[in-house]
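Good morning, and thank you for coming. Please look at the model on the screen while I go through it step by step.

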Amino acid sequence: MVWEAWKRIKTNGGCAGIDGVSIEQFEADVGNNLYKLWNRLSSGSYFPAAVKRVEIPKADGSLRPLGIPTVEDRIAQMVVKQELEPELERVFHPDSYGYRPGKSAIDAVRQAQQRCWWVDWVVDVDIRGFFDNIDHALLLKALDKHNSHPWVRLYVERWLTAPVEYADGRQASRHRGTPQGGVISPLLANLFLHYALDAWMVREYPKIPFERYADDVVYHCRTPWEADRLLSAIKERLMVCGLEAHPDKTRKVYCKDSNRRGPFAVITFDFLGYTFRPRSARNRKGQNYTNFSPSMSAKAFKRIKERVRQWDVINWSGRTPVELAAKLNPVVTGWLNYYGHFGLADGVYRLRKYLDQTLMRWARKKYKRLRRSCRKSWTFIDKLRTQSRYLFAHWKMSNVLNTKSRMSREAHVRF
(Lines give C-alpha, C1' and ligand atoms only; values in the text may rest on other atoms or scores of the structure.)
Protein backbone atom coordinates (compact mmCIF):
# COMPACT_ATOMS: atom_id res chain seq x y z
CA MET A 1 0.00 0.00 0.00
CA VAL A 2 2.84 2.40 0.83
CA TRP A 3 4.62 1.59 -2.44
CA GLU A 4 1.48 2.17 -4.52
CA ALA A 5 0.85 5.43 -2.68
CA TRP A 6 4.41 6.59 -3.41
CA LYS A 7 3.98 5.95 -7.13
CA ARG A 8 0.86 8.12 -7.23
CA ILE A 9 2.47 10.92 -5.21
CA LYS A 10 5.50 10.88 -7.50
CA THR A 11 3.24 11.16 -10.55
CA ASN A 12 1.26 14.04 -9.05
CA GLY A 13 4.40 16.04 -8.21
CA GLY A 14 4.27 19.04 -5.89
CA CYS A 15 6.65 21.13 -3.82
CA ALA A 16 8.42 20.34 -0.55
CA GLY A 17 6.85 20.77 2.88
CA ILE A 18 8.39 22.34 5.98
CA ASP A 19 11.29 19.83 5.98
CA GLY A 20 12.46 21.10 2.58
CA VAL A 21 12.60 17.57 1.12
CA SER A 22 11.48 17.48 -2.50
CA ILE A 23 10.17 14.44 -4.36
CA GLU A 24 13.55 14.10 -6.12
CA GLN A 25 15.42 14.14 -2.81
CA PHE A 26 12.99 11.63 -1.28
CA GLU A 27 13.44 9.35 -4.29
CA ALA A 28 17.23 9.37 -3.92
CA ASP A 29 16.86 6.96 -0.96
CA VAL A 30 13.33 5.82 -1.63
CA GLY A 31 13.76 2.27 -0.28
CA ASN A 32 14.85 3.33 3.18
CA ASN A 33 12.44 6.27 3.29
CA LEU A 34 9.41 4.13 2.44
CA TYR A 35 10.48 1.37 4.83
CA LYS A 36 10.70 3.85 7.73
CA LEU A 37 7.29 5.27 6.88
CA TRP A 38 5.72 1.81 6.61
CA ASN A 39 7.25 0.84 9.95
CA ARG A 40 5.82 3.90 11.71
CA LEU A 41 2.39 3.50 10.08
CA SER A 42 2.24 -0.18 11.03
CA SER A 43 3.24 0.39 14.64
CA GLY A 44 1.04 3.43 15.31
CA SER A 45 4.07 5.65 15.94
CA TYR A 46 3.52 7.83 12.87
CA PHE A 47 2.92 11.50 13.66
CA PRO A 48 2.64 14.04 10.82
CA ALA A 49 4.84 17.11 10.58
CA ALA A 50 3.37 20.61 10.68
CA VAL A 51 1.69 21.76 7.48
CA LYS A 52 3.45 24.47 5.48
CA ARG A 53 1.10 27.45 5.01
CA VAL A 54 1.21 29.33 1.69
CA GLU A 55 -1.26 31.83 0.27
CA ILE A 56 -2.17 32.30 -3.38
CA PRO A 57 -4.14 35.26 -4.78
CA LYS A 58 -7.79 34.79 -5.77
CA ALA A 59 -9.64 36.57 -8.57
CA ASP A 60 -11.39 38.94 -6.13
CA GLY A 61 -8.07 40.15 -4.69
CA SER A 62 -8.23 38.07 -1.49
CA LEU A 63 -5.84 35.24 -0.65
CA ARG A 64 -6.56 31.52 -0.65
CA PRO A 65 -4.69 29.63 2.14
CA LEU A 66 -3.11 26.34 1.14
CA GLY A 67 -1.51 23.74 3.39
CA ILE A 68 1.43 21.81 1.93
CA PRO A 69 2.29 18.57 3.80
CA THR A 70 5.72 16.98 3.53
CA VAL A 71 6.30 14.33 0.85
CA GLU A 72 6.27 11.65 3.58
CA ASP A 73 2.93 12.89 4.92
CA ARG A 74 1.45 13.02 1.43
CA ILE A 75 2.36 9.37 0.93
CA ALA A 76 0.78 8.43 4.26
CA GLN A 77 -2.37 10.35 3.35
CA MET A 78 -2.50 8.56 -0.01
CA VAL A 79 -2.36 5.21 1.82
CA VAL A 80 -5.45 6.15 3.82
CA LYS A 81 -7.19 7.64 0.78
CA GLN A 82 -6.72 4.41 -1.18
CA GLU A 83 -8.23 2.50 1.72
CA LEU A 84 -11.22 4.81 2.22
CA GLU A 85 -12.13 5.96 -1.28
CA PRO A 86 -13.66 2.71 -2.66
CA GLU A 87 -15.99 2.46 0.35
CA LEU A 88 -17.03 6.12 0.27
CA GLU A 89 -17.59 6.12 -3.49
CA ARG A 90 -20.42 3.64 -2.96
CA VAL A 91 -22.07 6.13 -0.59
CA PHE A 92 -21.59 9.49 -2.31
CA HIS A 93 -24.44 11.08 -4.25
CA PRO A 94 -24.22 10.78 -8.08
CA ASP A 95 -24.55 14.57 -8.41
CA SER A 96 -21.45 15.20 -6.29
CA TYR A 97 -18.68 15.83 -8.84
CA GLY A 98 -15.70 17.32 -6.99
CA TYR A 99 -12.47 15.32 -6.67
CA ARG A 100 -14.06 12.01 -7.58
CA PRO A 101 -12.74 9.37 -9.97
CA GLY A 102 -14.61 9.33 -13.27
CA LYS A 103 -16.24 12.74 -12.65
CA SER A 104 -15.12 16.23 -13.63
CA ALA A 105 -16.05 19.89 -13.37
CA ILE A 106 -17.24 19.80 -17.00
CA ASP A 107 -19.67 16.99 -16.13
CA ALA A 108 -21.14 19.24 -13.43
CA VAL A 109 -21.39 22.27 -15.75
CA ARG A 110 -23.01 20.20 -18.52
CA GLN A 111 -25.59 18.76 -16.11
CA ALA A 112 -26.31 22.24 -14.75
CA GLN A 113 -26.84 23.53 -18.30
CA GLN A 114 -29.35 20.81 -19.12
CA ARG A 115 -31.28 21.28 -15.88
CA CYS A 116 -31.41 25.05 -16.41
CA TRP A 117 -33.26 24.27 -19.65
CA TRP A 118 -35.75 22.13 -17.73
CA VAL A 119 -36.29 24.18 -14.58
CA ASP A 120 -36.80 27.96 -14.27
CA TRP A 121 -35.03 28.81 -11.01
CA VAL A 122 -31.60 28.21 -9.51
CA VAL A 123 -30.32 28.59 -5.95
CA ASP A 124 -26.58 29.23 -6.21
CA VAL A 125 -24.80 28.37 -2.94
CA ASP A 126 -21.20 29.08 -1.97
CA ILE A 127 -19.89 28.19 1.50
CA ARG A 128 -17.67 30.81 3.10
CA GLY A 129 -14.25 29.48 4.17
CA PHE A 130 -15.43 25.89 3.97
CA PHE A 131 -12.11 24.04 4.26
CA ASP A 132 -11.07 26.20 7.24
CA ASN A 133 -14.30 25.65 9.18
CA ILE A 134 -15.03 21.92 9.01
CA ASP A 135 -16.09 20.67 12.43
CA HIS A 136 -13.69 17.88 13.42
CA ALA A 137 -16.15 16.09 15.69
CA LEU A 138 -18.83 15.93 13.00
CA LEU A 139 -16.31 14.79 10.39
CA LEU A 140 -14.97 11.98 12.58
CA LYS A 141 -18.53 10.93 13.38
CA ALA A 142 -19.24 10.62 9.64
CA LEU A 143 -15.96 8.74 9.15
CA ASP A 144 -16.87 6.20 11.84
CA LYS A 145 -20.00 5.24 9.88
CA HIS A 146 -17.89 3.90 6.99
CA ASN A 147 -14.53 2.96 8.46
CA SER A 148 -13.74 -0.14 10.50
CA HIS A 149 -9.96 0.34 10.76
CA PRO A 150 -8.74 1.99 13.99
CA TRP A 151 -5.47 3.04 12.33
CA VAL A 152 -7.35 5.01 9.66
CA ARG A 153 -9.28 7.01 12.25
CA LEU A 154 -6.13 7.53 14.33
CA TYR A 155 -4.15 9.05 11.47
CA VAL A 156 -7.06 11.13 10.11
CA GLU A 157 -7.46 12.67 13.56
CA ARG A 158 -3.73 13.44 13.71
CA TRP A 159 -3.79 15.11 10.29
CA LEU A 160 -6.78 17.22 11.25
CA THR A 161 -5.03 18.53 14.36
CA ALA A 162 -1.51 18.86 12.92
CA PRO A 163 -0.22 22.43 13.45
CA VAL A 164 0.25 24.97 10.67
CA GLU A 165 3.62 26.63 10.13
CA TYR A 166 3.69 30.10 8.57
CA ALA A 167 6.42 31.65 6.45
CA ASP A 168 7.99 33.35 9.48
CA GLY A 169 8.39 30.01 11.29
CA ARG A 170 5.51 30.59 13.68
CA GLN A 171 3.28 27.57 14.33
CA ALA A 172 -0.42 27.54 15.23
CA SER A 173 -2.60 24.67 16.39
CA ARG A 174 -5.81 23.78 14.56
CA HIS A 175 -9.16 22.83 16.07
CA ARG A 176 -11.30 23.19 12.95
CA GLY A 177 -10.87 22.66 9.23
CA THR A 178 -8.69 20.57 6.97
CA PRO A 179 -5.99 22.30 4.91
CA GLN A 180 -6.50 22.73 1.19
CA GLY A 181 -3.53 21.10 -0.49
CA GLY A 182 -3.56 17.88 1.50
CA VAL A 183 -4.07 14.60 -0.36
CA ILE A 184 -6.79 13.40 2.02
CA SER A 185 -8.57 16.78 2.37
CA PRO A 186 -10.84 16.57 -0.73
CA LEU A 187 -12.11 13.13 0.26
CA LEU A 188 -12.81 14.26 3.84
CA ALA A 189 -14.51 17.42 2.56
CA ASN A 190 -16.78 15.36 0.32
CA LEU A 191 -17.63 13.07 3.23
CA PHE A 192 -18.53 16.04 5.43
CA LEU A 193 -20.72 17.70 2.77
CA HIS A 194 -22.35 14.40 1.89
CA TYR A 195 -24.01 14.36 5.31
CA ALA A 196 -24.25 18.13 5.72
CA LEU A 197 -26.03 18.71 2.37
CA ASP A 198 -26.38 15.80 -0.06
CA ALA A 199 -27.98 13.20 2.21
CA TRP A 200 -30.02 15.96 3.88
CA MET A 201 -31.35 17.06 0.47
CA VAL A 202 -32.33 13.50 -0.43
CA ARG A 203 -34.18 13.24 2.88
CA GLU A 204 -35.84 16.68 3.02
CA TYR A 205 -36.12 17.78 -0.64
CA PRO A 206 -35.94 14.63 -2.76
CA LYS A 207 -37.53 16.28 -5.84
CA ILE A 208 -35.01 19.13 -6.13
CA PRO A 209 -31.99 18.18 -8.29
CA PHE A 210 -28.57 19.72 -7.76
CA GLU A 211 -24.92 19.68 -8.81
CA ARG A 212 -22.22 19.99 -6.17
CA TYR A 213 -18.51 20.44 -6.81
CA ALA A 214 -16.80 20.66 -3.41
CA ASP A 215 -18.36 23.71 -1.71
CA ASP A 216 -19.98 25.17 -4.86
CA VAL A 217 -23.58 23.94 -5.23
CA VAL A 218 -26.38 24.70 -7.70
CA TYR A 219 -29.97 23.70 -6.86
CA HIS A 220 -32.79 23.72 -9.43
CA CYS A 221 -36.24 24.84 -8.28
CA ARG A 222 -39.55 24.99 -10.14
CA THR A 223 -40.95 28.17 -8.60
CA PRO A 224 -39.56 31.30 -6.89
CA TRP A 225 -41.36 30.33 -3.69
CA GLU A 226 -39.70 26.90 -3.68
CA ALA A 227 -36.33 28.61 -4.24
CA ASP A 228 -36.91 31.02 -1.33
CA ARG A 229 -37.86 28.19 1.04
CA LEU A 230 -34.85 26.12 -0.01
CA LEU A 231 -32.46 29.06 0.35
CA SER A 232 -33.62 29.71 3.91
CA ALA A 233 -33.45 26.02 4.79
CA ILE A 234 -29.92 25.65 3.41
CA LYS A 235 -28.67 28.63 5.43
CA GLU A 236 -30.13 27.11 8.60
CA ARG A 237 -28.69 23.68 7.76
CA LEU A 238 -25.20 25.11 7.23
CA MET A 239 -25.39 26.91 10.58
CA VAL A 240 -26.27 23.62 12.31
CA CYS A 241 -23.16 22.09 10.73
CA GLY A 242 -20.92 24.98 11.80
CA LEU A 243 -20.76 26.56 8.33
CA GLU A 244 -22.00 29.77 6.72
CA ALA A 245 -23.38 30.53 3.26
CA HIS A 246 -21.37 33.29 1.59
CA PRO A 247 -23.67 36.36 1.72
CA ASP A 248 -22.49 37.78 -1.63
CA LYS A 249 -22.29 34.54 -3.61
CA THR A 250 -25.42 32.74 -2.38
CA ARG A 251 -28.62 33.83 -4.13
CA LYS A 252 -31.72 32.97 -6.13
CA VAL A 253 -31.38 33.20 -9.94
CA TYR A 254 -33.96 33.20 -12.76
CA CYS A 255 -32.90 31.18 -15.82
CA LYS A 256 -34.26 33.59 -18.40
CA ASP A 257 -34.57 32.60 -22.07
CA SER A 258 -36.96 33.12 -25.00
CA ASN A 259 -39.76 31.19 -23.29
CA ARG A 260 -39.32 32.78 -19.87
CA ARG A 261 -40.38 36.39 -19.37
CA GLY A 262 -40.32 38.69 -16.40
CA PRO A 263 -38.33 41.62 -14.92
CA PHE A 264 -36.25 39.60 -12.45
CA ALA A 265 -33.17 41.30 -11.02
CA VAL A 266 -30.76 38.33 -10.96
CA ILE A 267 -30.51 36.34 -14.19
CA THR A 268 -26.89 35.18 -14.05
CA PHE A 269 -24.64 33.05 -11.84
CA ASP A 270 -21.08 31.69 -11.90
CA PHE A 271 -20.26 28.01 -11.52
CA LEU A 272 -16.80 26.43 -11.85
CA GLY A 273 -15.32 29.19 -14.00
CA TYR A 274 -18.40 29.52 -16.23
CA THR A 275 -21.02 32.26 -16.24
CA PHE A 276 -24.60 31.13 -16.90
CA ARG A 277 -26.76 33.89 -18.41
CA PRO A 278 -29.17 34.61 -21.28
CA ARG A 279 -27.34 34.67 -24.63
CA SER A 280 -28.40 35.35 -28.20
CA ALA A 281 -28.35 32.25 -30.39
CA ARG A 282 -29.60 31.04 -33.77
CA ASN A 283 -31.33 27.76 -34.54
CA ARG A 284 -30.97 25.55 -37.62
CA LYS A 285 -33.61 27.56 -39.46
CA GLY A 286 -31.67 30.76 -38.97
CA GLN A 287 -34.10 32.15 -36.40
CA ASN A 288 -32.76 34.15 -33.45
CA TYR A 289 -33.69 33.19 -29.91
CA THR A 290 -32.38 33.58 -26.34
CA ASN A 291 -30.57 30.63 -24.80
CA PHE A 292 -29.62 30.35 -21.10
CA SER A 293 -26.15 28.86 -21.38
CA PRO A 294 -22.60 28.85 -19.91
CA SER A 295 -19.46 30.56 -21.15
CA MET A 296 -16.12 31.51 -19.65
CA SER A 297 -16.66 33.87 -16.72
CA ALA A 298 -15.16 37.35 -16.56
CA LYS A 299 -13.15 36.29 -13.50
CA ALA A 300 -11.67 33.33 -15.36
CA PHE A 301 -10.79 35.52 -18.34
CA LYS A 302 -9.12 38.03 -16.02
CA ARG A 303 -7.00 35.28 -14.46
CA ILE A 304 -5.92 34.06 -17.90
CA LYS A 305 -5.01 37.58 -19.05
CA GLU A 306 -2.90 38.06 -15.94
CA ARG A 307 -1.12 34.75 -16.60
CA VAL A 308 -0.36 35.78 -20.21
CA ARG A 309 0.95 39.16 -19.04
CA GLN A 310 3.29 37.41 -16.60
CA TRP A 311 4.80 35.47 -19.51
CA ASP A 312 5.95 38.81 -21.02
CA VAL A 313 5.64 37.41 -24.54
CA ILE A 314 6.55 40.74 -26.13
CA ASN A 315 10.14 40.24 -24.95
CA TRP A 316 10.42 36.80 -26.53
CA SER A 317 11.53 38.43 -29.77
CA GLY A 318 14.49 36.06 -30.05
CA ARG A 319 12.19 33.11 -30.65
CA THR A 320 10.75 31.92 -33.93
CA PRO A 321 6.98 31.42 -34.34
CA VAL A 322 7.49 27.66 -33.99
CA GLU A 323 9.42 28.10 -30.72
CA LEU A 324 6.79 30.52 -29.46
CA ALA A 325 4.02 28.03 -30.24
CA ALA A 326 5.90 25.23 -28.46
CA LYS A 327 6.02 27.39 -25.33
CA LEU A 328 2.41 28.62 -25.38
CA ASN A 329 0.44 25.67 -26.75
CA PRO A 330 0.49 23.28 -23.75
CA VAL A 331 -1.11 25.85 -21.42
CA VAL A 332 -3.44 27.39 -24.03
CA THR A 333 -4.67 23.93 -25.05
CA GLY A 334 -5.66 23.26 -21.44
CA TRP A 335 -7.65 26.51 -21.29
CA LEU A 336 -9.44 25.80 -24.56
CA ASN A 337 -10.14 22.18 -23.65
CA TYR A 338 -11.88 23.36 -20.48
CA TYR A 339 -13.67 26.49 -21.66
CA GLY A 340 -14.38 25.25 -25.19
CA HIS A 341 -16.74 22.45 -24.19
CA PHE A 342 -19.81 24.55 -24.96
CA GLY A 343 -18.67 25.97 -28.27
CA LEU A 344 -17.28 29.27 -29.49
CA ALA A 345 -19.16 31.46 -27.01
CA ASP A 346 -18.18 35.01 -26.15
CA GLY A 347 -15.65 34.06 -23.47
CA VAL A 348 -13.64 31.76 -25.74
CA TYR A 349 -13.89 34.30 -28.55
CA ARG A 350 -12.41 36.99 -26.28
CA LEU A 351 -9.60 34.61 -25.30
CA ARG A 352 -8.71 33.89 -28.94
CA LYS A 353 -8.76 37.58 -29.77
CA TYR A 354 -6.55 38.44 -26.79
CA LEU A 355 -4.03 35.74 -27.75
CA ASP A 356 -3.90 37.11 -31.31
CA GLN A 357 -3.33 40.61 -29.90
CA THR A 358 -0.45 39.21 -27.85
CA LEU A 359 1.03 37.63 -30.98
CA MET A 360 0.64 40.92 -32.84
CA ARG A 361 2.57 42.80 -30.16
CA TRP A 362 5.26 40.11 -30.24
CA ALA A 363 5.56 40.44 -34.03
CA ARG A 364 5.92 44.23 -33.82
CA LYS A 365 8.78 43.82 -31.36
CA LYS A 366 10.50 41.10 -33.38
CA TYR A 367 10.29 42.57 -36.90
CA LYS A 368 11.40 46.16 -37.51
CA ARG A 369 9.20 46.59 -40.59
CA LEU A 370 6.07 46.06 -38.45
CA ARG A 371 6.84 48.41 -35.59
CA ARG A 372 5.17 51.49 -37.04
CA SER A 373 1.96 49.88 -38.33
CA CYS A 374 -0.73 47.92 -36.51
CA ARG A 375 -2.36 47.13 -39.85
CA LYS A 376 0.79 45.48 -41.20
CA SER A 377 1.18 43.56 -37.95
CA TRP A 378 -2.34 42.17 -38.20
CA THR A 379 -1.73 41.33 -41.86
CA PHE A 380 1.39 39.41 -40.83
CA ILE A 381 -0.55 37.41 -38.21
CA ASP A 382 -3.38 36.68 -40.68
CA LYS A 383 -0.88 35.49 -43.29
CA LEU A 384 0.89 33.30 -40.73
CA ARG A 385 -2.48 31.82 -39.71
CA THR A 386 -3.32 31.06 -43.36
CA GLN A 387 0.04 29.40 -43.98
CA SER A 388 0.17 27.48 -40.67
CA ARG A 389 -3.38 27.12 -39.41
CA TYR A 390 -2.35 24.47 -36.88
CA LEU A 391 0.69 26.30 -35.50
CA PHE A 392 -0.97 27.82 -32.42
CA ALA A 393 -3.50 25.96 -30.30
CA HIS A 394 -6.20 28.65 -30.49
CA TRP A 395 -5.98 28.59 -34.31
CA LYS A 396 -6.11 24.80 -34.50
CA MET A 397 -9.16 24.52 -32.25
CA SER A 398 -11.29 27.16 -33.97
CA ASN A 399 -13.13 24.71 -36.24
CA VAL A 400 -13.59 22.25 -33.38
CA LEU A 401 -15.11 24.92 -31.13
CA ASN A 402 -17.42 26.15 -33.90
CA THR A 403 -18.67 22.58 -34.35
CA LYS A 404 -19.31 22.23 -30.59
CA SER A 405 -21.18 25.54 -30.58
CA ARG A 406 -23.47 24.38 -33.37
CA MET A 407 -24.11 21.03 -31.66
CA SER A 408 -24.93 22.78 -28.37
CA ARG A 409 -27.45 25.09 -30.07
CA GLU A 410 -29.07 22.18 -31.90
CA ALA A 411 -29.37 20.21 -28.64
CA HIS A 412 -31.22 23.13 -27.06
CA VAL A 413 -33.51 23.46 -30.08
CA ARG A 414 -34.34 19.73 -29.94
CA PHE A 415 -35.13 20.09 -26.24
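Which residues of helix 9 are buried? Before answering, I should say that this is a predicted model.

Helix 9 covers residues 224–240, which makes 17 residues. From its first C-alpha to its last it reaches 25 Å, close to the 24 Å expected at 1.5 Å a residue. The answer to my question is Pro-224, Glu-226, Ala-227, Leu-230, Leu-231, Ala-233, Ile-234, Arg-237 and Leu-238. Please note that the list includes Glu-226 and Arg-237.

Against what do these buried residues of helix 9 pack? Their partners are strand 3 (121–126), strand 7 (216–221), strand 8 (251–254) and helix 8. After helix 9 comes Gly-242, which has a positive phi, near 80 degrees.

Let us now turn to helix 8, one of those partners. Helix 8 consists of 20 residues, 185–204. At 1.5 Å a residue it should span 28 Å, and because its end C-alpha atoms are 27 Å apart, the expectation and the model agree. Where does helix 8 bend? The bend is at His-194 and amounts to about 50 degrees. Helix 8 is also mostly covered, with 15 of its 20 residues buried.

My next example is a single residue, Leu-84, which lies in helix 4, residues 71–89. Is Leu-84 buried or exposed? A residue counts as buried under 20% relative accessible area. Leu-84 has a relative accessibility of 2%, and therefore it counts as buried. Leaving aside residues up to four places away in sequence, Leu-84 touches Leu-143, Asn-147, Val-152 and Leu-187. Of these contacts, Leu-187 belongs to the stretch 185–204, that is, to helix 8. By contrast, Ile-18 is 66 residues from Leu-84 along the chain, and their C-alpha atoms are separated by 27 Å.

Finally, let us consider the protein as a whole. It contains 15 helices and eleven strands, and its C-alpha atoms fill a box of roughly 70 × 60 × 35 Å along the principal axes. Of its 415 residues, 49% count as buried. Among contacts with a separation of 6 or more, 67% join residues 24 or more positions apart. The protein exposes about 20800 Å², and carbon and sulfur atoms supply 51% of that area. As for charge, there are 71 positive and 43 negative side chains, and the centres of these two sets lie 11 Å apart.

Thank you for your attention.

How values were computed
Residues are numbered from 1 along each chain as its sequence is written. Side-chain values use heavy atoms; hydrogens and water are left out. Helices (H or I, at least four residues) and strands (E, at least two) are DSSP runs, numbered from the N terminus. Buried means under 20% relative accessible area, exposed over 50%, partly exposed in between (1.4 Å probe, protein chains only). Contact means heavy atoms within 4.5 Å. Accessible areas come from the Shrake-Rupley method with a 1.4 Å probe; for residues, only the protein chains shown count as cover. Lys and Arg count as positive and Asp and Glu as negative; His and the chain ends are not counted. The place of a charge is taken as NZ of Lys, CZ of Arg, CG of Asp or CD of Glu. The expected span of a helix is 1.5 Å times one less than its number of residues. The bend at a residue is the angle between axes fitted to the seven residues ending there and the seven starting there.
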